[in-house]
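Got a few minutes to go through this one together? Let's ask why things get the labels they get.

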Amino acid sequence: MQKGSIRVQTENIFPIIKKFLYSEHDIFLRELISNAVDATQKLKTLASIGEAKGELGDMSITVSLDPAAKTITISDKGVGMTAGEVDKYINQVAFSGAEEFLNKYKGQNENNIIGHFGLGFYSSFMVSNQVEIVTKSFKNEEAVRWECDGSPEYILEETTKEQRGTDIVLHINEESTEFLDAGRINTVLKKFCRFLPVPIFFEGNQVNNPVPAWTRKPSELTAQDYQDFYKELYPYNEPPLFWIHLNVDYPFNLTGILYFPKIKQSFEIQKDKIQLYSNQVFVTDEVKDIVPEFLMLLQGVIDSPDIPLNVSRSYLQGDPNVKKINNHITKKVADKLEEIFNSNRSEFEEKWENLGLFVKYGMMTDDKFLEKANRFHIMQDAVSGSFYTLEEYKTATESLQKNNEGKQVIIYATDTVQQDAFIKAAVDKGYRVVKLETIVDAAFINQMEMKWNDVHFIRVDADIADNLIDKQESSASVLTNEQEDQLKKLFEHQPAGLHMTVEMKGLSPEAPPVVATRPEFMRRMKDMAAVSGPM
Ligand code: ADP
Ligand code: MG
């Protein structure tokens, strides 16, 4: 038996571990199971290159709970460790790493610390007052037992163990008895281990799907497979509109499946968020910075081993890969949308009601996306229901809808029912009116007027049809008798005294709609024309 003191100048690492990881104690299970997975994968690799001999047999990982003994045991059948390896990987490395780390970050914002520090095995001391490792290497050496109570003193001795592999036995401390509850363990396993690549059992049940859809080749997957995986992730949601399978290995490694969910025309509170994985280990569903803001409403999974397990917000912001991944996702989403638009426009148009929300939001917030989206962003004709891209709209309206600055005028309706009369009048003049009536459209129009600088938007009820296009010859400061007659005719079919809701141009968007009777409306139109001059 060897007794020793863990070689580290920093007196005791454990208070630090406890302090900094206080709010995330459940990650001990993630860390220990990831180690078990690593050990299992290592053995498989060694076997495949002939360095490990014999049958590997069952390679599953088991988590077991003994509430009476107050222990949790994580058992794997992986490479195991020799006494020398325990000494090297457990006694030295972790602590020298910790020491180096502490020197480097001394005096810095403590919140930064977790993000830089892979606690790994030692996170087990957050919940344990004693930890044992019982391990037998595949190299056919004597099994060893290591024990440590959280002080730098440890014990390392020979022991007997039948099976190759490692058992980590945690003696759960007083503050962490919540983890002696099977329900709690199940929840934690579901959170972190759902898609780990090695079968994991808890109380006789397998808790994970080791081959989730995103790890398979896109060419092997059917539409049904993608739909099924979506159901696995979000059992209560309606089927997604479509999905994008990410598969990159250069200049960084990134896989995943992003789903466009069916959402209503409003930004609902979104609880089913994109999940971030690192080699199938769940990291977080706070994917801000990694996923472009306008795609935060997407769902699904992103997996990148280039993203460290112990991520924190401040870490992500500073990570060069994160920016690259973000750009890549934007590009992939744009490419996929364009591909669907080009290959199956009718499907694209059918889904536009949902899709438009993402596309417009993306165009407003991300110039790289805007560039590409101009090719597939579409607007729906308020009368015929057909769709135009901006270029198609320009072509369809030729020179008819150019204002005196030579800008393309887009005439739009925000409410096709209420603005029906105006739409008809505009269409009679040969103009084309598009529907821009969703919740993002008001902001979208504002933004695009700047970004598409050759375009001017006019709301169909902003002026009578004659004046919609701001041409020198047709602009008038007051309504002519003829115009007034036209306007009267417009409303002839409406019963007298009917209240109309009219939002007049020039009012701020926050102002309540102006409700006016017909005669009152006529008067106001005149007044407006008089004060605001040519519109
Ligand atoms: P990391 O996993 O980042 O290397 P850890 O602190 O989690 O850091 O683990 C330290 C080392 O201990 C591992 O690299 C590995 O060599 C060894 N180790 C930990 N758990 C196991 C295990 N279950 N089987 C074999 N080796 C292990
Ligand atoms: Mg580890």
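Two strands count as paired if DSSP finds at least two bridges between them. Keep in mind that the model is predicted.

Q: What makes E5 and E6 a pair of strands?
A: Pairing takes at least two bridges. Strand E5 (residues 143–148) and strand E6 (residues 153–159) are joined by 6 bridges, so they qualify as a pair, and they run antiparallel. One of the partnerships is Val 144 with Glu 158 in E6.

Q: What do E5 and E6 form, and which residue in the turn has a positive phi?
A: They form a hairpin, with 4 residues between the two strands. Gly 150, in the turn, has a positive phi of about 100 degrees.

Q: Why are Asn 35 and Tyr 89 said to be around ligand 1?
A: A residue is near a molecule if its C-beta atom, placed from the backbone, lies within 6 Å of it. There are 16 residues around ligand 1, and Asn 35, Ala 39, Tyr 89, Gly 120 and Phe 121 come nearest, so Asn 35 and Tyr 89 belong there.

Q: Which helices each supply at least two residues of that shell around ligand 1?
A: Helix H2 (27–48) and helix H3 (83–105) do. H2 gives the largest share, 4 residues.

Q: How does the shell around ligand 1 divide into nonpolar, polar and charged residues?
A: The split is 8 nonpolar, 6 polar and 2 charged. Gly counts as polar.

Q: How many helices and strands does the protein chain have?
A: The protein chain has 16 helices and 21 strands, and buried residues make up 35% of its 535 residues.

Technical notes: Residues numbered from 1 in each chain as written. Chains lettered and ligands numbered in written order. Predicted model: local features only at pLDDT ≥ 70, side-chain atom pairs only at ≥ 80, totals over all residues. Buried ≥ 20, exposed ≤ 12 C-beta atoms within 10 Å, placed from the backbone.
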